[in-house]
Amino acid sequence: MSRVVMQAHLRNELTNAKKSHTVFTDVGKDVGGLEESFSPVELLADTFASCALSIMGLIGGKMGYDFVGAYAEVATEVSSEEFRVKEIKIDFHLPQAVKEEDRSKIETLLHEKCVVGRSLNDDVIQTATFNYDV
């Protein structure tokens with residue numbers, strides 16, 4: 001279970017009681033926030049990328065590939081009129097060692113097995129590119 005507590009300047013403190021770990025979120029300065037920590041939208045998108053990398057690493061590991069050092073660069077587009085995330089863009093940087101014939105298996109895991117991505121509303125555009133350069 002987690003607990004979220006509002007702090008000053010629209011900062012939230014998120015604490016996972018089971019893991020004794022704390023994360024902070026901030027909103028932008030334009031609405032009175034500190035903009036020093038992840039925004040909730042950034043955290044959502046980054047969690048999506050983290051989930052996908054974890055699944056790719058898990059399945060890729062079972063296929064004999066080492067995903068240590070693989071990473072993702074994440075960007076979001078938000079509609080301020082609709083107050084919703086329009087698009088999450090993820091550029092994955094994966095091991096060069098992944099053979100051409102295994103790449104499509106790794107890439108489909110994003111949409112087939114990533115719990116976070118599969119839980120997003122269908123109208124959130126999920127754009128992913130896969131670079132085998134690590």
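## A hairpin, a pocket and two cysteines

In the hairpin formed by β2 and β3, where 4 residues lie between the strands, S20 adopts a positive phi near 50 degrees. This description, like those that follow, refers to a predicted model. The two strands of the hairpin, β2 (residues 12-16) and β3 (residues 21-25), run antiparallel and are joined by 5 bridges. Within this pairing, N12 of the protein chain is placed opposite T25 in β3.

The segment that precedes the hairpin also deserves attention. H9 lies in the loop between β1 (2-6) and β2, and its phi is near 60 degrees, a positive value in a residue other than glycine. L10 is found in the loop between β1 and β2 as well, and phi of L10 is likewise positive, near 60 degrees, again in a residue other than glycine. How accessible is L10, which counts as partly exposed or otherwise according to its relative accessibility? L10 has 37% relative accessibility and therefore counts as partly exposed, since that class covers values between 20% and 50%.

From these local features one may turn to the chain as a whole. The protein chain contains 3 helices and 6 strands. Read from the N terminus, its elements follow the order β-β-β-α-β-β-α-α-β. Along the principal axes, the C-alpha atoms fill a box of roughly 50 × 35 × 25 Å. The protein chain has 134 residues, of which 30% count as buried.

The domain assignment divides the protein chain into domain 1 (2-31) and domain 2 (40-132). Taken over C-alpha atoms, the centres of domain 1 and domain 2 are separated by 24 Å.

Both domains take part in the largest pocket: domain 1 (2-31) and domain 2 (40-132) each contribute at least three residues to its lining. The volume of the largest pocket is about 400 Å³. Its lining is made up of 16 residues, and those closest to the centre of the pocket are V27, G28, S39, V41 and V78. In terms of secondary structure, α1 (40-62), β4 (71-79) and β5 (84-94) each provide at least two residues of the lining. As to chemical character, the lining residues of the largest pocket comprise 7 nonpolar, 5 polar and 4 charged.

The cysteines remain to be considered. How many disulfides does a search of the whole structure find? The search finds 0 disulfides. A disulfide is a covalent bond between the sulfur atoms of two cysteines, and the criterion applied here requires the two sulfur atoms to be within 2.5 Å. For C51, the closest cysteine sulfur is that of C114, at 3.0 Å, which is too far for a bond. The reciprocal statement holds for C114, because its closest cysteine sulfur, in C51, is 3.0 Å away and thus too far for a bond.

Are these two cysteines buried or exposed? The threshold for a buried residue is a relative accessible area under 20%. C51, at 17% relative accessibility, therefore counts as buried. C114 has a relative accessible area of 0%, so this residue is buried too. The pair C51 and C114 thus combines buried positions with a sulfur separation of 3.0 Å, too far for a bond.

Methods:
Residues are numbered from 1 along each chain as its sequence is written. This is a predicted model: local features need pLDDT of at least 70, side-chain atom pairs count only at pLDDT 80 or more; totals for chains, interfaces and linings use all residues. Side-chain values use heavy atoms; hydrogens and water are left out. Buried means under 20% relative accessible area, exposed over 50%, partly exposed in between (1.4 Å probe, protein chains only). Two strands pair if DSSP finds at least two bridges between them. On a 1 Å grid over the protein atoms alone, a cavity is a set of points where a 1.4 Å probe fits but cannot get out, and a pocket is an open set with protein on both sides within 12 Å along at least five of seven lines; lining residues have an atom within 4 Å of a point. Grid points are joined across faces, edges and corners, and a volume is the space filled by probe spheres set on the points. Ala, Val, Leu, Ile, Met, Phe, Trp, Tyr, Cys and Pro count as nonpolar, Asp, Glu, Lys and Arg as charged, and the others, Gly among them, as polar. Domain bounds come from an automatic or database domain assignment.
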